[in-house]
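Trainee: I'd like to learn how to read contacts in a protein model. Could you walk me through one?

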Amino acid sequence: MSDTLVFGTPPLPAGRPAVGDPCLLLGPVQLAPGGPADPLEPAPAEDLRTHLDRLGPRPTGSPALMTALDEAHLTGQGGAHVPVTAKWRRALTGRGPLTVVANGAESEPVAAKDGTLLRQRPHLVLDGLMIAAEALGAERAVVWLHGDDHGARQALLAALRERPWVLGHPAVEILDGPVHYLAGEASAIARAVHGGPALPTVRRHPQPGAPRTLVHNVETLARVALLARGQAPTGTRVLTVLGEGRAVVEVDARTTFADVLVDLGWTEAPQAVLLGGYGGMWARWARVAHLAVDESALAAEGLTLGAGVIAPLGAWACGVHQTAGLLGYLASMSARQCGPCVFGLPSLAEGMTALAAGRSGDGVARLLADAAIVEGRGACHHPDGATRLVASAVSTFADDVAAHAAGRPCGAGDIAWPGVDS
Amino acid sequence: MSRAPAVTMRLRVDPVACEGVGLCAQVAGRVVELDRWGYPVIEAELDARGVKAAQRAVRACPRRAMWLEEADTLR
């Protein structure tokens, strides 16, 4: 294989999990570019009977399950990839009443894997939630959704109606969060499930008896439900790929980025891909084309796919211009609580916009200095997503950055991405 | 003689509570400086004099946005 992708070679047939192998989705779906994860064509949903025929009864959760979770190296699929058992052990150190949350409020404008999973296999997610709640002795089990995600709510309600006989303790609550980028942030959810505003916060002095909240991404819990049944890890990754619309696919984690795009019908190599979403990172296509989408393989390269979002940028586009638009979006989605975020993110967006317009002079250094000063200073990691985006854009689009810094205005066309004013 | 070994302390700010008043940087300039928007940037490592300064910053903050904690406390 060459350094750059040669499209036109036949796609490898091994892109998808083989029939019968453990997997999460029932099938791939195509979606509109933004909004909730409602598929363009009706997609299958699994009822309780099919779910039980396929997997057998749900085992009861117990702390002994942590061995299996450790052996599977299960990490959080919401984007941060924290080992699941690390969160369980931390939750077990407290004494206050515990709430376990299945977080289905995926907020990256492009991301739709969690919404797709909830629509296709609600029982698998509910199983994982109940198993975690039982294992940790939780008093409440909550599914947290964006307020506008009617499709996911309907799928969950239908699933809950099918399983009254497993209604035990705790009963599953479905809570609607705000329709906001930060509605899926863990500390915001922890406040909201206890009646507070859904805003990120800093825990100052953890009290031993204070209420505990454990937030897991819904895909993470679906994986818990499979592992608890003694299944091998799926070896798959669920991805949302942005093109003219969005595709949600489950692929063998050894599949390369090139094969993912070829399988989705791409015939031309992009210049770069945005990994993980708007709060993610850029990487040159030549760097990732032949890398597997497996998270640990990416981590070895200093990359992460976060919650599995891949947004390719066409060769004709300007990454600097596109990044300016993304930063404007991120600035607009600040919770407006922390000074470094309230002032820092607009500053980063303005700096990148000025650079794209060829009027920033030596503004690149200032841009990077602003990013460094903002890093790590919010109550949540929202500003850190923006600073990582800036740093990765400056290195990924180094040629464009240099040309713009020398005064060349942007002549590239606009790429409309969901939520981004270009 | 029987005093417990010194614990490394860290100055923390709650960025939600902080309104960028800036008194902390005035009373504890050796451990707090302000960014260009007026919000505190805190020295990571506190020596003994740094701890004294940090205590002044904690007391001075009108928003009660600062506190001292042991450095190995989980965030």
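Mentor: Sure, we'll go through the place where two chains meet, then a pair of helices, then a salt bridge. First, this is a predicted model, where local features need pLDDT of at least 70 and side-chain atom pairs count only at pLDDT 80 or more, while totals for chains, interfaces and linings use all residues. Residues are numbered from 1 along each chain as its sequence is written, chains are lettered from A and ligands numbered from 1 in the order in which they are written, and side-chain values use heavy atoms, leaving out hydrogens and water.

Trainee: How many residues does each chain bring to the contact?

Mentor: Contact means heavy atoms within 4.5 Å. Here 17 residues come from chain B and 20 residues from chain A.

Trainee: What area is buried between chain B and chain A?

Mentor: Buried area is the accessible area (1.4 Å probe) that two parts lose on being put together, summed over both. For these chains that's about 1600 Å², with carbon and sulfur atoms giving 56% of it. On the chain B side, B:Pro15, B:Val16 and B:Trp37 lose the most area to chain A, together 37% of what that side buries.

Trainee: How many salt bridges are there between chain B and chain A?

Mentor: Side chains of opposite charge can pair when their charged atoms come close. We call it a salt bridge when a side-chain nitrogen of Lys or Arg is within 4 Å of a carboxyl oxygen of Asp or Glu. Between chain B and chain A the count is three. B:Asp14 forms one with A:Arg204, and their closest N and O atoms are 3.4 Å apart.

Trainee: Now the helices: at what angle do helix 1 and helix 5 of chain A cross?

Mentor: Helices are DSSP runs (H or I, at least four residues), numbered from the N terminus. Axes are lines fitted to C-alpha atoms over the stretch in contact, with angles from 0 to 180 degrees between N-to-C directions. The axes of helix 1 (residues 48–55) and helix 5 (residues 122–136) of chain A come within 9 Å and cross at roughly 65°. Angles of 65 to 115 degrees count as roughly perpendicular, so that label fits helix 1 and helix 5 of chain A.

Trainee: Which residue forms a salt bridge with A:Glu134?

Mentor: That's A:Arg58, with the closest N and O atoms 2.9 Å apart. The pair links distant parts of the chain, 76 residues apart: A:Glu134 sits in helix 5 of chain A, and A:Arg58 in the loop between helix 1 and helix 2 (65–71) of chain A.

How values were computed. Helix = DSSP H or I, 4+ residues; strand = E, 2+ residues; numbered from the N terminus. Parallel < 35°, antiparallel > 145°, perpendicular 65-115°, else oblique.
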